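Trainee: Could you take me through one part of this model in close detail? Please keep it simple.

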Amino acid sequence: MSLSTSQVKSAFRTARAVRAHVRSLATPSSSKPNFRQTLEDGPSLDDFIADRVPERVVLGNTTAPRLPSYLKTTIPKGASFSKIKKDLRGLNLHTVCEEARCPNIGDCWGGKEGATEAEGKRGATATIMLMGDTCTRGCRFCSVKTSRTPPPLDPHEPENTAEAISRWGLGYIVLTSVDRDDLADGGAHHFAETIMKIKQKAPHILVEALTGDFAGNLEHVSIVAKSGLDVYAHNVETTEELTPYVRDRRATFRQSLAVLERAKQDGVRVTKTSMMLGVGENEDQVMHALRELRKADVDVVTFGQYMRPTKRHMKVDRYVEPAEFGRWKQIAEDMGFLYVASGPLVRSSYKAGEFYIENVLRGKATERRAKSLLADQLAEKEVKAQS
């Protein structure tokens with residue numbers, strides 16, 4: 001049967017009219033009421049004015065643990081903070097303080113409140129991140145950018161870093177880096193060159209190197225360990241049992257122990273590591289990790305609360321109470337660690353620990369004096385948190 005031109009046009013118009021009333025969705029419709037309906041069903045403005053709200057309105061995720069008050073920090077400010085940030089931008093350098101969204105950035109960069117510029121410099125600590133801001137690994141707790149093919153190394157970075165540090169007049173500096181599995185030596189020679197240039201420009205500055213595991217290549221560990229640094233740090237991050245779930249699969253707890261052990265064998269005076277709490281660990285697992293670290297002759301250990309940087313990262317299992325951090329500090333000290341920093345906001349590069357390490361290395365003060373400085377810093381932080 002053939003259709004006339006007028007009949008075909010009429011059929012098309014009918015089809016278009018039907019389609020106009022059909023709602024097309026990219027995703028299946030939800031059974032949840034839409035926002036407009038929620039507003040209509042909720043209390044009105046008159047209800048709020050008359051205080052007739054039937055129940056409390058709760059926004060956000062109510063099932064996740066809430067952030068305790070002792071983990072809330074103030075907005076970073078101060079002359080020392082501004083100067084360090086300006087120098088970094090001018091020399092195109094990166095810090096783990098910024099990239100990892102550290103909650104202590106204002107405290108570490110700002111120095112002491114009300115201090116002179118010179119005092120602020122001496123009191124400030126910055127952790128320089130070498131080899132760019134893009135890592136070849138993807139740990140579930142870390143907010144640093146990742147890529148299989150990061151940009152090439154900046155050949156001027158060792159010189160620029162040494163220049164920036166000499167400008168600041170700091171007495172203690174921490175260098176760290178992203179993992180660079182794309183490089184034949186993992187960036188070991190670049191790291192070592194930076195340390196040597198710092199020592200050439202400012203031999204009085206103490207240098208702590210917080211390195212990756214160099215994919216387990218201990219020869220590359222030795223290159224950095226023998227470069228003239230004062231403290232070799234490498235973080236185990238968590239317990240042996242949780243390592244596969246927290247860190248990138250290329251990292252292992254035993255591999256990290258081997259790195260720390262090799263650094264000590266190469267003559268480094270102080271070795272250091274850090275662990276996060278609140279990722280699902282239990283007491284037996286933490287005790288096992290501490291015993292293994294002592295077997296590797298690690299001198300310094302720090303404990304801090306894991307804080308989820310973004311919703312793309314693993315969730316916080318629990319917020320650990322300050323009293324529990326204090327208990328782990330006592331346990332670790334009783335096991336023979338040279339120094340232990342333990343608290344909700346403590347990080348591996350937190351400046352409170354560096355007061356003690358600097359005094360140990362320089363031999364300028366007794367252990368009692370160093371612990372007194374640490375107690376004063378922690379007391380100031382607690383007062384700020386409560387105010």
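Trainee: What percentage of the contacts in the protein with a separation of 6 or more comes from residues 24 or more positions apart? After that, I would like a close look at helix 12.

Mentor: The share is 74%. Contact here means heavy atoms within 4.5 Å. Keep in mind that this is a predicted model, where local features need pLDDT of at least 70, side-chain atom pairs count only at pLDDT 80 or more, and totals for chains, interfaces and linings use all residues. Residues are numbered from 1 along each chain as its sequence is written, and side-chain values use heavy atoms, with hydrogens and water left out.

Now the setting. The protein has 16 helices and 10 strands. These are DSSP runs numbered from the N terminus: helices are H or I with at least four residues, strands E with at least two. Of the 387 residues, 45% are buried, meaning under 20% relative accessible area with a 1.4 Å probe, protein chains only.

Now helix 12, residues 253–265. Take helix 10, residues 218–225, as its first partner here. The two axes come within 9 Å and cross at roughly 45°. An axis is a line fitted to C-alpha atoms over the stretch in contact, and angles run from 0 to 180 degrees between N-to-C directions. Helix 10 and helix 12 are therefore oblique. On this scale, under 35 degrees is roughly parallel, over 145 roughly antiparallel, 65 to 115 roughly perpendicular, and the rest oblique. The crossing is right-handed: the near helix is turned clockwise from the far one by less than a right angle.

Who touches whom? Helix 10 brings Leu-218, Glu-219, Val-221, Ser-222 and Ala-225. Helix 12 answers with Ala-258, Val-259, Arg-262 and Ala-263. That contact holds 6 nonpolar, 1 polar and 2 charged residues. Nonpolar covers Ala, Val, Leu, Ile, Met, Phe, Trp, Tyr, Cys and Pro; charged covers Asp, Glu, Lys and Arg; the others, Gly among them, are polar.

Next, helix 13, residues 283–295. Its axis lies 9 Å from that of helix 12, at an angle of about 30°. Helix 12 and helix 13 are therefore roughly parallel. Helix 12 passes helix 13 in a right-handed crossing. On helix 12, look for Phe-253, Arg-254, Leu-257, Leu-260 and Glu-261. They meet His-288, Ala-289, Glu-292, Leu-293 and Lys-295 of helix 13. This contact divides into 5 nonpolar, 1 polar and 4 charged residues.

Note on methods: Buried < 20%, exposed > 50% of the residue type's maximum accessible area, 1.4 Å probe, protein only.
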